[in-house]
Amino acid sequence: MNRVIPGLPLSLGITVLYLSLIVLLPLGALVWQALDVGWERYLAIMSGARTMAAFRITLSTAALATLFNCIYGLALAWVLVRYEFPGKRYLDALVDVPFALPTAVAGLALSALFAKNGWFGGPLAQIGIEVAYTPLGIAMAMAFTSIPFVVRTVQPVLEDLAADVEEAAATLGASDLRIFARIIFPAILPAFLTGASLGFARSLGEFGAIIFIAGNLPLKTEVVSLLTFIRIEEYDYPAAAAIAATLLGFAFVMLFLVNMIQLWQQRRIGTGD
Amino acid sequence: MAREPLPPTNTHPPRRIRVGDGPLARVLLIGTVLLVTALVLVAPLLAIFAEAFRHGMGAYAASFSAPDTQYAIGLTLFTALIVVPINVGFGIAAAWCIAKFRFTGRNLLVAMVELPFSISPIIAGVAYLFVYGAQGLLGPWLAEHDIKIMFAVPAIILASLFVTAPFVARELIPLMIAQGTEEEEAAVTLGAGGWRILRLVTLPNVRFALLYGAALCNARVMGEFGAVSVVAGNIRGQTNTLPLQIELLYQDNNAVAAFAVATLLTLVALVTLVAKAIIERLDAARVKAQGKPGH
(Lines give C-alpha, C1' and ligand atoms only; values in the text may rest on other atoms or scores of the structure.)
Protein backbone atom coordinates (compact mmCIF):
# COMPACT_ATOMS: atom_id res chain seq x y z
CA MET A 1 0.00 0.00 0.00
CA ASN A 2 2.79 2.39 0.91
CA ARG A 3 6.31 2.59 2.15
CA VAL A 4 6.05 5.98 3.84
CA ILE A 5 4.43 5.01 7.15
CA PRO A 6 6.91 3.67 9.70
CA GLY A 7 6.52 0.78 12.09
CA LEU A 8 5.99 -2.29 9.89
CA PRO A 9 8.97 -4.32 11.21
CA LEU A 10 8.11 -3.57 14.84
CA SER A 11 4.35 -4.16 14.66
CA LEU A 12 4.71 -7.23 12.45
CA GLY A 13 7.43 -8.56 14.71
CA ILE A 14 5.32 -8.14 17.85
CA THR A 15 2.28 -9.72 16.15
CA VAL A 16 4.11 -12.77 14.83
CA LEU A 17 6.05 -13.33 18.04
CA TYR A 18 2.94 -13.00 20.23
CA LEU A 19 0.84 -15.29 18.02
CA SER A 20 3.66 -17.85 17.97
CA LEU A 21 3.95 -17.91 21.75
CA ILE A 22 0.28 -17.62 22.71
CA VAL A 23 -1.51 -19.46 19.89
CA LEU A 24 0.86 -21.57 17.77
CA LEU A 25 3.08 -23.03 20.49
CA PRO A 26 0.17 -24.58 22.46
CA LEU A 27 -1.63 -25.82 19.36
CA GLY A 28 1.64 -27.27 18.11
CA ALA A 29 2.15 -29.01 21.45
CA LEU A 30 -1.35 -30.50 21.20
CA VAL A 31 -0.70 -31.83 17.70
CA TRP A 32 2.70 -33.17 18.85
CA GLN A 33 1.05 -35.03 21.74
CA ALA A 34 -1.64 -36.40 19.43
CA LEU A 35 0.95 -37.62 16.88
CA ASP A 36 2.84 -39.23 19.74
CA VAL A 37 -0.22 -41.39 20.46
CA GLY A 38 0.26 -43.35 17.24
CA TRP A 39 -2.25 -44.35 14.61
CA GLU A 40 -3.40 -47.68 16.09
CA ARG A 41 -3.93 -46.33 19.56
CA TYR A 42 -5.66 -43.26 18.12
CA LEU A 43 -8.14 -45.47 16.29
CA ALA A 44 -8.71 -47.54 19.43
CA ILE A 45 -9.41 -44.37 21.47
CA MET A 46 -11.68 -42.86 18.87
CA SER A 47 -13.66 -46.05 18.22
CA GLY A 48 -14.34 -46.60 21.93
CA ALA A 49 -18.07 -46.65 22.70
CA ARG A 50 -17.88 -43.62 25.01
CA THR A 51 -15.93 -41.47 22.54
CA MET A 52 -18.17 -42.45 19.64
CA ALA A 53 -21.26 -41.65 21.69
CA ALA A 54 -19.84 -38.27 22.71
CA PHE A 55 -19.15 -37.33 19.09
CA ARG A 56 -22.58 -38.55 17.99
CA ILE A 57 -24.34 -36.57 20.74
CA THR A 58 -22.27 -33.44 20.12
CA LEU A 59 -22.77 -33.46 16.35
CA SER A 60 -26.52 -34.13 16.54
CA THR A 61 -27.27 -31.58 19.27
CA ALA A 62 -25.08 -28.98 17.50
CA ALA A 63 -27.07 -29.62 14.32
CA LEU A 64 -30.33 -29.14 16.20
CA ALA A 65 -29.07 -25.92 17.81
CA THR A 66 -27.91 -24.64 14.42
CA LEU A 67 -31.29 -25.43 12.87
CA PHE A 68 -32.99 -23.39 15.60
CA ASN A 69 -30.64 -20.47 15.06
CA CYS A 70 -31.05 -20.61 11.28
CA ILE A 71 -34.78 -19.98 11.67
CA TYR A 72 -34.77 -17.68 14.70
CA GLY A 73 -31.60 -15.84 13.61
CA LEU A 74 -32.95 -15.19 10.13
CA ALA A 75 -36.30 -13.95 11.50
CA LEU A 76 -34.48 -11.76 14.04
CA ALA A 77 -32.20 -10.23 11.39
CA TRP A 78 -35.23 -9.64 9.14
CA VAL A 79 -37.25 -7.92 11.84
CA LEU A 80 -34.27 -5.73 12.84
CA VAL A 81 -33.59 -4.62 9.26
CA ARG A 82 -37.05 -4.36 7.70
CA TYR A 83 -39.32 -2.94 10.39
CA GLU A 84 -39.46 0.04 12.72
CA PHE A 85 -41.09 -0.51 16.09
CA PRO A 86 -40.70 0.73 19.65
CA GLY A 87 -37.91 -0.99 21.55
CA LYS A 88 -36.06 -2.07 18.41
CA ARG A 89 -32.78 -0.67 19.75
CA TYR A 90 -33.07 -2.84 22.86
CA LEU A 91 -33.80 -5.92 20.76
CA ASP A 92 -30.67 -5.20 18.72
CA ALA A 93 -28.60 -4.86 21.90
CA LEU A 94 -30.03 -8.09 23.36
CA VAL A 95 -28.68 -10.09 20.40
CA ASP A 96 -25.15 -9.74 21.80
CA VAL A 97 -26.05 -11.03 25.27
CA PRO A 98 -24.74 -14.56 24.53
CA PHE A 99 -21.34 -13.12 23.50
CA ALA A 100 -21.00 -10.94 26.59
CA LEU A 101 -22.48 -13.29 29.19
CA PRO A 102 -20.02 -15.87 30.56
CA THR A 103 -20.91 -19.39 29.44
CA ALA A 104 -20.97 -20.67 33.01
CA VAL A 105 -23.53 -18.01 33.93
CA ALA A 106 -25.62 -18.91 30.88
CA GLY A 107 -25.50 -22.57 31.87
CA LEU A 108 -26.49 -21.75 35.42
CA ALA A 109 -29.43 -19.64 34.23
CA LEU A 110 -30.65 -22.32 31.82
CA SER A 111 -30.41 -24.99 34.50
CA ALA A 112 -32.61 -22.83 36.76
CA LEU A 113 -35.15 -22.22 33.97
CA PHE A 114 -35.43 -25.86 32.98
CA ALA A 115 -35.29 -27.42 36.46
CA LYS A 116 -38.44 -29.35 37.45
CA ASN A 117 -39.70 -26.38 39.46
CA GLY A 118 -38.28 -23.78 37.05
CA TRP A 119 -40.20 -21.24 34.95
CA PHE A 120 -39.96 -23.42 31.83
CA GLY A 121 -39.24 -26.84 33.35
CA GLY A 122 -42.52 -26.99 35.30
CA PRO A 123 -44.94 -26.30 32.42
CA LEU A 124 -42.86 -28.43 30.02
CA ALA A 125 -42.90 -31.39 32.44
CA GLN A 126 -46.70 -31.27 32.44
CA ILE A 127 -46.81 -31.84 28.70
CA GLY A 128 -44.18 -34.55 29.01
CA ILE A 129 -41.12 -32.72 27.70
CA GLU A 130 -37.90 -32.96 29.67
CA VAL A 131 -35.07 -30.63 28.83
CA ALA A 132 -32.70 -30.70 31.81
CA TYR A 133 -30.36 -33.72 31.79
CA THR A 134 -31.37 -34.66 28.23
CA PRO A 135 -29.82 -34.04 24.79
CA LEU A 136 -32.51 -31.36 24.34
CA GLY A 137 -30.89 -29.42 27.19
CA ILE A 138 -27.51 -29.67 25.48
CA ALA A 139 -29.02 -28.34 22.25
CA MET A 140 -30.69 -25.54 24.23
CA ALA A 141 -27.36 -24.46 25.76
CA MET A 142 -25.60 -24.63 22.37
CA ALA A 143 -28.42 -22.66 20.73
CA PHE A 144 -28.20 -19.92 23.37
CA THR A 145 -24.44 -19.41 23.07
CA SER A 146 -24.52 -19.25 19.26
CA ILE A 147 -27.56 -17.00 18.70
CA PRO A 148 -25.59 -13.94 17.48
CA PHE A 149 -23.77 -15.66 14.58
CA VAL A 150 -26.58 -15.92 11.99
CA VAL A 151 -28.09 -12.57 13.01
CA ARG A 152 -24.84 -10.62 12.81
CA THR A 153 -23.72 -12.11 9.48
CA VAL A 154 -27.12 -11.78 7.72
CA GLN A 155 -28.06 -8.34 9.11
CA PRO A 156 -25.56 -6.18 7.12
CA VAL A 157 -26.23 -8.05 3.86
CA LEU A 158 -29.96 -7.64 4.27
CA GLU A 159 -29.44 -3.93 4.94
CA ASP A 160 -27.47 -3.47 1.71
CA LEU A 161 -30.02 -5.27 -0.43
CA ALA A 162 -31.33 -2.91 -3.13
CA ALA A 163 -35.08 -2.49 -3.23
CA ASP A 164 -35.46 -2.16 -7.00
CA VAL A 165 -35.29 -5.84 -8.04
CA GLU A 166 -37.75 -6.69 -5.32
CA GLU A 167 -40.09 -3.89 -6.42
CA ALA A 168 -39.81 -4.93 -10.06
CA ALA A 169 -40.76 -8.49 -9.16
CA ALA A 170 -43.71 -7.22 -7.12
CA THR A 171 -44.87 -5.06 -10.02
CA LEU A 172 -44.76 -8.14 -12.24
CA GLY A 173 -47.13 -9.81 -9.81
CA ALA A 174 -44.83 -12.17 -7.93
CA SER A 175 -46.02 -13.11 -4.45
CA ASP A 176 -44.06 -12.19 -1.32
CA LEU A 177 -43.01 -15.79 -0.71
CA ARG A 178 -41.85 -16.18 -4.30
CA ILE A 179 -39.82 -12.98 -4.18
CA PHE A 180 -38.25 -14.07 -0.91
CA ALA A 181 -37.37 -17.52 -2.24
CA ARG A 182 -36.14 -16.37 -5.67
CA ILE A 183 -34.53 -12.99 -4.99
CA ILE A 184 -33.88 -12.24 -1.35
CA PHE A 185 -32.83 -15.63 -0.03
CA PRO A 186 -30.26 -16.31 -2.80
CA ALA A 187 -28.73 -12.89 -2.09
CA ILE A 188 -28.27 -13.54 1.62
CA LEU A 189 -27.43 -17.24 1.25
CA PRO A 190 -23.61 -16.94 1.54
CA ALA A 191 -23.88 -14.80 4.68
CA PHE A 192 -26.55 -17.11 6.07
CA LEU A 193 -24.36 -20.20 5.51
CA THR A 194 -21.34 -18.42 7.01
CA GLY A 195 -23.31 -17.57 10.15
CA ALA A 196 -24.71 -21.09 10.41
CA SER A 197 -21.23 -22.64 10.03
CA LEU A 198 -19.71 -20.34 12.64
CA GLY A 199 -22.55 -21.13 15.03
CA PHE A 200 -22.18 -24.85 14.39
CA ALA A 201 -18.42 -24.67 15.01
CA ARG A 202 -19.00 -22.79 18.25
CA SER A 203 -21.57 -25.37 19.37
CA LEU A 204 -19.16 -28.26 18.73
CA GLY A 205 -16.68 -26.84 21.21
CA GLU A 206 -19.10 -25.43 23.78
CA PHE A 207 -18.43 -26.49 27.37
CA GLY A 208 -19.44 -24.06 30.12
CA ALA A 209 -23.06 -23.56 29.19
CA ILE A 210 -23.62 -27.29 28.63
CA ILE A 211 -22.23 -28.94 31.72
CA PHE A 212 -24.71 -27.23 34.04
CA ILE A 213 -27.77 -28.51 32.22
CA ALA A 214 -26.65 -31.73 30.52
CA GLY A 215 -26.49 -34.11 33.47
CA ASN A 216 -23.25 -35.37 31.92
CA LEU A 217 -24.09 -39.08 31.79
CA PRO A 218 -21.57 -41.09 29.75
CA LEU A 219 -23.07 -42.47 26.50
CA LYS A 220 -26.21 -40.35 26.98
CA THR A 221 -25.54 -36.67 27.67
CA GLU A 222 -21.76 -36.36 27.58
CA VAL A 223 -20.36 -33.99 24.95
CA VAL A 224 -16.89 -34.17 23.40
CA SER A 225 -15.49 -31.14 25.23
CA LEU A 226 -16.56 -32.62 28.57
CA LEU A 227 -15.09 -36.04 27.71
CA THR A 228 -11.78 -34.31 26.91
CA PHE A 229 -11.92 -32.57 30.28
CA ILE A 230 -12.67 -35.86 32.08
CA ARG A 231 -9.74 -37.64 30.35
CA ILE A 232 -7.45 -34.84 31.56
CA GLU A 233 -8.74 -35.22 35.11
CA GLU A 234 -8.07 -38.98 34.86
CA TYR A 235 -4.52 -38.19 33.66
CA ASP A 236 -5.32 -40.15 30.48
CA TYR A 237 -3.33 -37.69 28.37
CA PRO A 238 -3.15 -39.80 25.17
CA ALA A 239 -6.96 -40.01 25.06
CA ALA A 240 -7.32 -36.29 25.83
CA ALA A 241 -4.78 -35.45 23.10
CA ALA A 242 -6.50 -37.71 20.55
CA ILE A 243 -9.99 -36.34 21.25
CA ALA A 244 -8.89 -32.70 21.49
CA ALA A 245 -6.89 -32.96 18.24
CA THR A 246 -9.92 -34.46 16.50
CA LEU A 247 -12.10 -31.62 17.76
CA LEU A 248 -9.41 -29.19 16.55
CA GLY A 249 -9.62 -30.91 13.15
CA PHE A 250 -13.37 -30.28 13.09
CA ALA A 251 -12.74 -26.60 13.87
CA PHE A 252 -10.30 -26.32 10.94
CA VAL A 253 -12.77 -28.02 8.60
CA MET A 254 -15.45 -25.50 9.62
CA LEU A 255 -12.99 -22.60 9.13
CA PHE A 256 -12.10 -23.95 5.67
CA LEU A 257 -15.80 -24.19 4.84
CA VAL A 258 -16.42 -20.58 5.92
CA ASN A 259 -13.50 -19.41 3.75
CA MET A 260 -14.85 -21.35 0.76
CA ILE A 261 -18.28 -19.74 1.22
CA GLN A 262 -16.68 -16.31 1.32
CA LEU A 263 -14.64 -16.98 -1.83
CA TRP A 264 -17.82 -18.13 -3.55
CA GLN A 265 -19.59 -14.96 -2.45
CA GLN A 266 -16.78 -12.72 -3.73
CA ARG A 267 -16.70 -14.51 -7.07
CA ARG A 268 -20.48 -14.19 -7.37
CA ILE A 269 -20.45 -10.47 -6.69
CA GLY A 270 -17.77 -10.28 -9.35
CA THR A 271 -15.54 -7.75 -7.60
CA GLY A 272 -12.85 -8.35 -5.08
CA ASP A 273 -13.45 -4.81 -3.82
CA MET B 1 -65.13 21.71 -17.99
CA ALA B 2 -62.08 21.36 -15.79
CA ARG B 3 -60.36 18.00 -15.88
CA GLU B 4 -60.26 15.89 -12.78
CA PRO B 5 -56.99 16.33 -10.95
CA LEU B 6 -54.61 13.42 -11.38
CA PRO B 7 -54.72 10.86 -8.61
CA PRO B 8 -52.02 11.52 -6.04
CA THR B 9 -50.12 8.31 -6.87
CA ASN B 10 -49.00 9.92 -10.13
CA THR B 11 -47.67 13.09 -8.59
CA HIS B 12 -45.84 11.47 -5.69
CA PRO B 13 -43.05 8.95 -6.12
CA PRO B 14 -44.52 5.44 -6.22
CA ARG B 15 -45.01 3.84 -2.83
CA ARG B 16 -42.36 1.28 -2.04
CA ILE B 17 -43.65 -2.26 -2.31
CA ARG B 18 -41.37 -4.56 -0.41
CA VAL B 19 -41.65 -8.13 0.76
CA GLY B 20 -43.21 -8.56 4.17
CA ASP B 21 -44.56 -5.00 4.38
CA GLY B 22 -48.15 -6.22 4.64
CA PRO B 23 -49.68 -5.62 8.08
CA LEU B 24 -50.25 -9.32 8.79
CA ALA B 25 -46.69 -10.44 7.97
CA ARG B 26 -45.34 -7.51 9.94
CA VAL B 27 -47.29 -8.14 13.12
CA LEU B 28 -46.76 -11.91 12.97
CA LEU B 29 -43.00 -11.66 12.45
CA ILE B 30 -42.36 -8.93 15.01
CA GLY B 31 -44.62 -10.67 17.54
CA THR B 32 -43.01 -14.09 17.12
CA VAL B 33 -39.48 -12.73 17.29
CA LEU B 34 -40.23 -10.67 20.39
CA LEU B 35 -41.87 -13.66 22.10
CA VAL B 36 -39.00 -16.05 21.32
CA THR B 37 -36.46 -13.39 22.37
CA ALA B 38 -38.25 -12.89 25.67
CA LEU B 39 -38.12 -16.65 26.31
CA VAL B 40 -34.60 -17.31 25.04
CA LEU B 41 -32.62 -14.15 25.83
CA VAL B 42 -34.49 -12.19 28.49
CA ALA B 43 -35.72 -15.02 30.73
CA PRO B 44 -32.20 -16.35 31.49
CA LEU B 45 -31.09 -12.87 32.61
CA LEU B 46 -34.13 -12.47 34.83
CA ALA B 47 -33.73 -15.99 36.23
CA ILE B 48 -30.21 -15.20 37.45
CA PHE B 49 -31.44 -12.24 39.52
CA ALA B 50 -34.61 -14.02 40.67
CA GLU B 51 -32.59 -16.97 42.00
CA ALA B 52 -29.96 -14.73 43.58
CA PHE B 53 -32.60 -12.78 45.53
CA ARG B 54 -34.79 -15.83 46.25
CA HIS B 55 -34.06 -15.62 49.98
CA GLY B 56 -33.95 -11.86 50.16
CA MET B 57 -31.39 -9.12 50.19
CA GLY B 58 -29.63 -10.38 53.33
CA ALA B 59 -28.84 -13.83 51.91
CA TYR B 60 -27.68 -12.19 48.69
CA ALA B 61 -25.28 -9.87 50.47
CA ALA B 62 -24.03 -12.64 52.76
CA SER B 63 -22.97 -14.65 49.71
CA PHE B 64 -20.09 -12.26 49.15
CA SER B 65 -18.64 -12.53 52.64
CA ALA B 66 -17.19 -16.02 52.11
CA PRO B 67 -13.35 -15.75 51.92
CA ASP B 68 -13.19 -18.08 48.87
CA THR B 69 -15.61 -15.88 46.96
CA GLN B 70 -13.72 -12.73 47.91
CA TYR B 71 -10.49 -14.35 46.79
CA ALA B 72 -12.14 -15.31 43.48
CA ILE B 73 -13.26 -11.71 42.93
CA GLY B 74 -9.71 -10.49 43.58
CA LEU B 75 -8.12 -13.10 41.31
CA THR B 76 -10.56 -12.33 38.51
CA LEU B 77 -9.85 -8.60 38.71
CA PHE B 78 -6.10 -9.25 38.85
CA THR B 79 -6.26 -11.50 35.76
CA ALA B 80 -8.26 -8.91 33.81
CA LEU B 81 -5.84 -6.17 34.86
CA ILE B 82 -2.95 -8.08 33.28
CA VAL B 83 -4.64 -9.69 30.27
CA VAL B 84 -6.64 -6.73 28.93
CA PRO B 85 -3.67 -4.30 28.56
CA ILE B 86 -1.53 -7.01 26.92
CA ASN B 87 -4.22 -7.86 24.38
CA VAL B 88 -4.92 -4.16 23.75
CA GLY B 89 -1.22 -3.77 22.92
CA PHE B 90 -1.28 -6.84 20.71
CA GLY B 91 -4.49 -5.67 19.02
CA ILE B 92 -2.95 -2.29 18.16
CA ALA B 93 0.24 -3.89 16.81
CA ALA B 94 -1.69 -6.46 14.76
CA ALA B 95 -4.10 -3.84 13.38
CA TRP B 96 -1.23 -1.46 12.53
CA CYS B 97 0.64 -3.95 10.35
CA ILE B 98 -2.46 -5.59 8.83
CA ALA B 99 -4.44 -2.41 8.11
CA LYS B 100 -1.71 -0.01 7.03
CA PHE B 101 0.53 -2.29 4.97
CA ARG B 102 0.40 -4.97 2.26
CA PHE B 103 2.81 -7.89 2.52
CA THR B 104 2.99 -11.58 1.64
CA GLY B 105 1.20 -13.74 4.16
CA ARG B 106 -1.06 -10.90 5.26
CA ASN B 107 -4.25 -12.96 4.80
CA LEU B 108 -2.68 -15.84 6.68
CA LEU B 109 -1.82 -13.46 9.53
CA VAL B 110 -5.47 -12.28 9.68
CA ALA B 111 -6.59 -15.92 9.88
CA MET B 112 -4.07 -16.57 12.69
CA VAL B 113 -5.31 -13.55 14.65
CA GLU B 114 -8.90 -14.83 14.48
CA LEU B 115 -8.01 -18.47 15.11
CA PRO B 116 -8.73 -18.51 18.88
CA PHE B 117 -12.38 -17.61 18.10
CA SER B 118 -12.88 -20.90 16.32
CA ILE B 119 -11.19 -23.09 18.89
CA SER B 120 -13.00 -24.62 21.83
CA PRO B 121 -11.76 -23.20 25.14
CA ILE B 122 -11.31 -26.79 26.30
CA ILE B 123 -8.87 -27.39 23.44
CA ALA B 124 -7.02 -24.23 24.46
CA GLY B 125 -6.74 -25.47 28.04
CA VAL B 126 -5.55 -28.92 27.00
CA ALA B 127 -3.04 -27.38 24.57
CA TYR B 128 -1.54 -25.25 27.35
CA LEU B 129 -1.31 -28.33 29.56
CA PHE B 130 0.78 -29.99 26.85
CA VAL B 131 3.21 -27.07 26.89
CA TYR B 132 3.58 -26.24 30.57
CA GLY B 133 2.28 -29.39 32.32
CA ALA B 134 4.57 -31.97 33.90
CA GLN B 135 4.43 -34.17 30.77
CA GLY B 136 4.37 -31.16 28.48
CA LEU B 137 6.89 -29.73 26.03
CA LEU B 138 8.52 -27.44 28.59
CA GLY B 139 7.46 -29.46 31.65
CA PRO B 140 10.83 -31.03 32.52
CA TRP B 141 12.73 -27.75 32.02
CA LEU B 142 10.22 -25.85 34.19
CA ALA B 143 10.42 -28.50 36.93
CA GLU B 144 14.23 -28.32 36.85
CA HIS B 145 14.14 -24.58 37.37
CA ASP B 146 11.33 -24.82 39.92
CA ILE B 147 8.96 -22.62 37.94
CA LYS B 148 5.30 -23.34 38.51
CA ILE B 149 2.93 -22.33 35.74
CA MET B 150 0.30 -25.08 35.53
CA PHE B 151 -2.45 -25.18 38.16
CA ALA B 152 -1.39 -21.71 39.27
CA VAL B 153 -2.14 -18.10 38.41
CA PRO B 154 0.30 -17.86 35.43
CA ALA B 155 -1.63 -20.62 33.63
CA ILE B 156 -4.92 -18.78 34.18
CA ILE B 157 -3.38 -15.65 32.66
CA LEU B 158 -1.88 -17.54 29.69
CA ALA B 159 -5.14 -19.35 28.89
CA SER B 160 -7.05 -16.06 29.13
CA LEU B 161 -4.53 -14.40 26.78
CA PHE B 162 -5.17 -17.13 24.20
CA VAL B 163 -8.95 -16.99 24.40
CA THR B 164 -9.22 -13.18 24.19
CA ALA B 165 -6.33 -12.44 21.79
CA PRO B 166 -8.57 -11.54 18.80
CA PHE B 167 -11.04 -9.17 20.51
CA VAL B 168 -9.29 -5.79 20.16
CA ALA B 169 -7.63 -6.63 16.82
CA ARG B 170 -10.95 -7.69 15.30
CA GLU B 171 -12.58 -4.36 16.20
CA LEU B 172 -9.63 -2.28 14.95
CA ILE B 173 -8.64 -4.00 11.69
CA PRO B 174 -11.75 -3.36 9.52
CA LEU B 175 -12.03 0.22 10.79
CA MET B 176 -8.37 1.08 10.22
CA ILE B 177 -8.57 -0.42 6.71
CA ALA B 178 -11.67 1.70 5.99
CA GLN B 179 -9.93 4.85 7.21
CA GLY B 180 -7.01 4.38 4.84
CA THR B 181 -3.53 5.83 5.29
CA GLU B 182 -3.91 9.43 4.08
CA GLU B 183 -3.80 11.04 7.51
CA GLU B 184 -0.79 9.00 8.57
CA GLU B 185 1.01 9.84 5.31
CA ALA B 186 0.28 13.54 5.86
CA ALA B 187 1.71 13.28 9.37
CA VAL B 188 4.87 11.64 8.00
CA THR B 189 5.30 14.48 5.50
CA LEU B 190 5.02 16.93 8.38
CA GLY B 191 7.88 15.14 10.06
CA ALA B 192 6.09 13.11 12.74
CA GLY B 193 7.61 9.84 13.94
CA GLY B 194 5.82 6.49 14.24
CA TRP B 195 4.88 6.72 17.92
CA ARG B 196 3.66 10.29 17.54
CA ILE B 197 1.48 9.31 14.57
CA LEU B 198 0.05 6.39 16.51
CA ARG B 199 -0.69 8.53 19.56
CA LEU B 200 -1.97 11.67 17.86
CA VAL B 201 -3.49 10.46 14.57
CA THR B 202 -4.35 6.76 14.46
CA LEU B 203 -5.52 6.01 17.99
CA PRO B 204 -7.81 9.07 18.32
CA ASN B 205 -9.47 7.99 15.06
CA VAL B 206 -10.25 4.51 16.39
CA ARG B 207 -10.74 5.31 20.07
CA PHE B 208 -14.31 4.04 20.31
CA ALA B 209 -13.53 0.73 18.60
CA LEU B 210 -10.50 0.36 20.86
CA LEU B 211 -12.63 0.96 23.96
CA TYR B 212 -15.30 -1.46 22.83
CA GLY B 213 -12.73 -4.14 21.96
CA ALA B 214 -11.14 -3.71 25.39
CA ALA B 215 -14.56 -3.91 27.11
CA LEU B 216 -15.43 -7.14 25.27
CA CYS B 217 -12.00 -8.55 26.02
CA ASN B 218 -12.49 -7.69 29.70
CA ALA B 219 -15.93 -9.32 29.86
CA ARG B 220 -14.58 -12.46 28.26
CA VAL B 221 -11.51 -12.64 30.53
CA MET B 222 -13.65 -12.30 33.64
CA GLY B 223 -16.10 -14.92 32.39
CA GLU B 224 -13.77 -17.47 30.79
CA PHE B 225 -14.62 -20.91 32.08
CA GLY B 226 -13.56 -23.83 29.85
CA ALA B 227 -9.91 -22.98 29.26
CA VAL B 228 -9.37 -21.80 32.81
CA SER B 229 -11.02 -24.85 34.37
CA VAL B 230 -8.51 -27.13 32.59
CA VAL B 231 -5.40 -25.17 33.58
CA ALA B 232 -6.42 -23.87 37.02
CA GLY B 233 -6.89 -27.19 38.75
CA ASN B 234 -9.74 -25.80 40.85
CA ILE B 235 -7.83 -25.23 44.07
CA ARG B 236 -10.12 -23.49 46.54
CA GLY B 237 -8.94 -20.06 47.55
CA GLN B 238 -5.89 -20.35 45.27
CA THR B 239 -6.81 -20.73 41.61
CA ASN B 240 -10.55 -20.13 41.57
CA THR B 241 -11.72 -17.32 39.35
CA LEU B 242 -15.36 -16.16 39.54
CA PRO B 243 -16.78 -18.60 36.94
CA LEU B 244 -15.02 -21.52 38.64
CA GLN B 245 -16.31 -20.33 41.99
CA ILE B 246 -19.83 -20.32 40.56
CA GLU B 247 -19.51 -23.96 39.54
CA LEU B 248 -18.04 -24.89 42.91
CA LEU B 249 -20.84 -23.18 44.85
CA TYR B 250 -23.43 -24.79 42.60
CA GLN B 251 -21.94 -28.25 43.19
CA ASP B 252 -21.94 -27.52 46.93
CA ASN B 253 -25.71 -27.01 46.63
CA ASN B 254 -25.25 -23.40 47.61
CA ALA B 255 -27.50 -22.15 44.80
CA VAL B 256 -28.17 -18.66 46.19
CA ALA B 257 -24.43 -17.95 46.49
CA ALA B 258 -23.77 -19.35 43.00
CA PHE B 259 -26.44 -17.09 41.50
CA ALA B 260 -25.31 -14.13 43.60
CA VAL B 261 -21.77 -14.44 42.22
CA ALA B 262 -23.31 -14.90 38.75
CA THR B 263 -25.08 -11.53 39.08
CA LEU B 264 -21.66 -9.83 39.27
CA LEU B 265 -20.61 -11.28 35.92
CA THR B 266 -24.05 -10.59 34.45
CA LEU B 267 -23.67 -6.93 35.41
CA VAL B 268 -20.24 -6.84 33.73
CA ALA B 269 -21.89 -8.24 30.58
CA LEU B 270 -24.77 -5.76 30.69
CA VAL B 271 -22.43 -2.79 31.22
CA THR B 272 -20.39 -3.99 28.23
CA LEU B 273 -23.51 -4.09 26.06
CA VAL B 274 -24.69 -0.67 27.20
CA ALA B 275 -21.21 0.69 26.41
CA LYS B 276 -21.50 -0.82 22.94
CA ALA B 277 -24.88 0.81 22.35
CA ILE B 278 -23.57 4.22 23.47
CA ILE B 279 -20.44 3.90 21.31
CA GLU B 280 -22.52 2.97 18.26
CA ARG B 281 -24.76 6.01 18.71
CA LEU B 282 -21.81 8.35 19.19
CA ASP B 283 -20.26 6.88 16.09
CA ALA B 284 -23.44 7.25 14.04
CA ALA B 285 -23.58 10.92 15.09
CA ARG B 286 -19.95 11.39 14.09
CA VAL B 287 -20.41 9.77 10.68
CA LYS B 288 -23.34 12.14 10.08
CA ALA B 289 -21.24 15.15 11.09
CA GLN B 290 -17.97 14.26 9.35
CA GLY B 291 -18.99 11.73 6.75
CA LYS B 292 -16.40 9.16 7.73
CA PRO B 293 -16.48 6.10 9.95
CA GLY B 294 -14.73 6.71 13.21
CA HIS B 295 -16.08 4.15 15.66
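The following legends describe close-up views of a predicted model.

**Figure 1. Overall architecture of chain A.** Chain A contains 14 helices and 0 strands. Read along the sequence, its pattern is therefore a succession of α elements, from α1 to α14. The C-alpha trace of chain A extends over about 70 × 65 × 35 Å along its principal axes. Of the 273 residues in chain A, 46% are buried. Among the contacts in chain A that join residues at least 6 apart in sequence, 77% link residues at least 24 apart.

**Figure 2. The two domains of chain A.** Chain A is divided into domain 1, residues 1-37, and domain 2, residues 39-270. The centres of domain 1 and domain 2 of chain A, taken over C-alpha atoms, are separated by 29 Å. Where the domains meet, 5 residues of domain 1 of chain A are in contact with 9 residues of domain 2 of chain A. On the domain 1 side, these residues comprise 4 nonpolar, 1 polar and no charged.

**Figure 3. The annotated segment of chain A.** An unreviewed UniProt entry places the feature "domain: ABC transmembrane type-1" at residues 55-258 of chain A. Over residues 55-258, chain A is 77% helix and 0% strand. The C-alpha atoms at the two ends of this segment are 21 Å apart.

**Figure 4. The contact between chain A and chain B.** Chain B contributes 79 residues to the contact, and chain A contributes 74 residues. On the side of chain B that touches chain A, the largest share comes from helix α2 of chain B (residues 23-52), with 17 residues. By class, the side of chain B that touches chain A has 55 nonpolar, 14 polar and 10 charged residues.

**Figure 5. Helix α5 of chain B and its surroundings.** Helix α5 of chain B comprises 13 residues, 106-118. At 1.5 Å a residue, these 13 residues should span 18 Å, and the end C-alpha atoms are 19 Å apart, which agrees with the expected span. The helix α5(B) bends by about 30° at Met112(B), and a proline, Pro116(B), follows within four residues. Pro116(B) is also one of the buried residues of α5(B), together with Val113(B) and Ser118(B). The elements that cover these buried residues come from both chains, including α1 (8-37), α11 (176-205) and α14 (237-269) of chain A. From chain B, the cover includes α4 (67-100), α8 (153-164) and α9 (166-179).

**Figure 6. Asn216(A), a loop residue with positive phi.** Asn216(A) lies in the loop between α12 (208-211) and α13 (224-233) of chain A. Its phi is near 55°, a positive value in a residue other than glycine. Is Asn216(A) buried or partly exposed? Asn216(A) is partly exposed, because 18 other C-beta atoms lie within 10 Å, whereas a buried residue has 20 or more.

**Figure 7. Phe151(B), a loop residue with positive phi.** Phe151(B) is found in the loop between α7 (139-144) and α8 of chain B. Phi of Phe151(B) is near 55°, a positive value in a residue other than glycine. Phe151(B) is buried, because 20 other C-beta atoms lie within 10 Å, and a residue counts as buried at 20 or more.

Methods:
Residues numbered from 1 in each chain as written. Chains lettered and ligands numbered in written order. Predicted model: local features only at pLDDT ≥ 70, side-chain atom pairs only at ≥ 80, totals over all residues. Contact = placed C-beta atoms within 7 Å. Nonpolar A, V, L, I, M, F, W, Y, C, P; charged D, E, K, R; others polar. UniProt positions renumbered as here; feature names shortened; annotations may be inferred. Domains from an automatic or database assignment. Expected span 1.5 Å × (residues − 1). Bend = angle between axes of the 7 residues up to and from the residue. Buried ≥ 20, exposed ≤ 12 C-beta atoms within 10 Å, placed from the backbone.
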